[in-house]
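Let's take a walk through this one together. Have the sequence and the model open side by side, and we'll go from one residue outward to the whole fold and back.

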Amino acid sequence: MVRGVQGSEESASGEIAGVGSFALSGQYYLSSGGFRPLVGLGVGLYSLASVGMSTDMNGNGDAAVAAGNKIGFFPRIGFDAGHFNMALEYNFIPATTGMTASGNEVTVKNSYLGIKIGASILGGRR
C-alpha cells in the first residue's frame, strides 16, 4: 500500500510501505436466510513499515518516518450469500510523524479502506 504523506514542501516523492495487523473482531448477522447482511467491529495492533522520501526532485531534504506499532480499530459491513462473502472495512490508524533534514515535520496518514471477498470452504451456515 502507499501511505499518504503531507508536508510543507512543494514537491515530494516517497517509497511504498506495508502494514501488518493482529486484530480481534466480531460480527453480527442481521438475518438468517440465504443472504445474510452483517455488521462488525474490530480492534488490533497495526505494525507499520518505515517510510522514506525526498522532498524535492534533486534528492535534497530527505525525510524518514520510523517503523512502529499503533493501536487502531475498524467497523465492518458486508454480507454472506451461500458460501460467498464480501465485506468493507475502514481501518482507523493514528498518523505517524517524522522530520526532514531541514527540520520540517512530515505527517504520514495510515488509515485505509479494506475490501474483502472470499468463500467459505467446508463450512458455512448449517
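Which residues does Val65 touch, not counting residues up to four places away in sequence? The answer is Ser50, Val51, Thr96, Thr97, Gly98 and Val108. Keep in mind that this is a predicted model. Val65 itself belongs to strand β6, which covers residues 62–65. The residue is buried, at a relative accessible area of 3%. One of its contacts is worth a closer look: Gly98 is 33 residues away from Val65 in sequence, yet the two C-alpha atoms are 4.5 Å apart in space.

That sort of long-distance contact fits into a wider picture. Of the contacts in the chain with a separation of 6 or more, 60% are between residues 24 or more positions apart. The secondary structure is quick to summarise: there are 11 strands and zero helices. Going along the sequence, you read β-β-β-β-β-β-β-β-β-β-β. As for what is hidden and what is not, 25% of the 126 residues count as buried. The chain exposes about 7,800 Å², and 59% of that comes from carbon and sulfur atoms.

Now for how strands are put together. Five of them make an open sheet in the order β3-β4-β7-β8-β11, with antiparallel pairing. At the edges sit β3 and β11 (112–119), each pairing on one side only. On average, neighbouring strands of this sheet are turned by 20° against each other, if you ignore direction. As a reminder, strands of a sheet pair through backbone hydrogen bonds, either parallel or antiparallel.

Let's zoom in on two of those pairings. β7 and β8 run antiparallel to each other and share six bridges. To find the register, look at Ile77, which stands opposite Leu88 in β8. These two strands form a hairpin with two residues between them, and Gly82 there takes a positive phi near 65°. On to the pairing of β8 with β11, also in the antiparallel sense, which has eight bridges. As a marker for β11, take Tyr112, which has Asn91 opposite.

Moving to β4 (residues 35–48), stop at Leu38. Is Leu38 buried or exposed? Its relative accessible area is 5%, so Leu38 is buried. What surrounds it? Leaving out residues up to four places away in sequence, Leu38 touches Gln27, Tyr28 and Tyr29, along with Arg76, Ile77, Gly78, Phe79 and Asp80. Ile77, you'll recall, is the residue opposite Leu88 in β8. For Gln27, the C-alpha distance to Leu38 is 6.4 Å, with their positions 11 residues apart in sequence.

Time for the rings. How many aromatic pairs does a search of the whole structure find? There are four. Phe73 and Phe92 form a stacked pair, 5.0 Å centre to centre, with 20° between the planes. Phe73 lies in strand β7 (residues 68–81), while Phe92 lies in the loop between β8 (84–91) and β9 (96–100), so the pair ties together parts that are 19 residues apart in sequence. Both partners are partly exposed: Phe73 has a relative accessible area of 41%, and Phe92 has 36%.

There is also an aromatic cluster, formed by Phe35, Phe79 and Phe84. Phe79 has come up before, as one of the residues that Leu38 touches. Tyr29, another contact of Leu38, has a charged companion: Arg36 lies over the face of the Tyr29 ring, at 4.0 Å from the ring centre.

Last stop is a loop. Gly18 lies between β2 (13–14) and β3 (19–29). At a relative accessible area of 33%, Gly18 is partly exposed. Which residues does Gly18 touch, not counting those up to four places away in sequence? They are Ser47, Leu48 and Ala49. A little further along the chain comes Ser50, whose C-alpha atom is separated from that of Gly18 by 8.4 Å, although the two are 32 residues apart along the chain. And Ser50 brings us back to where we started, since Val65 touches Ser50 too.

Notes
Residues numbered from 1 in each chain as written. Predicted model: local features only at pLDDT ≥ 70, side-chain atom pairs only at ≥ 80, totals over all residues. Heavy atoms only, no water. Phe/Tyr/Trp six-rings, centres within 6.5 Å; stacked < 30°, edge-to-face > 60°. Helix = DSSP H or I, 4+ residues; strand = E, 2+ residues; numbered from the N terminus. Buried < 20%, exposed > 50% of the residue type's maximum accessible area, 1.4 Å probe, protein only. Lys NZ or Arg CZ within 6 Å of the ring centre and 35° of its normal. Contact = heavy atoms within 4.5 Å. Areas by Shrake-Rupley, 256 points an atom, 1.4 Å probe, with all protein chains shown as cover. Pairing = 2+ DSSP bridges. Axes fitted to C-alpha atoms, helices over the stretch in contact; angles between N-to-C directions.
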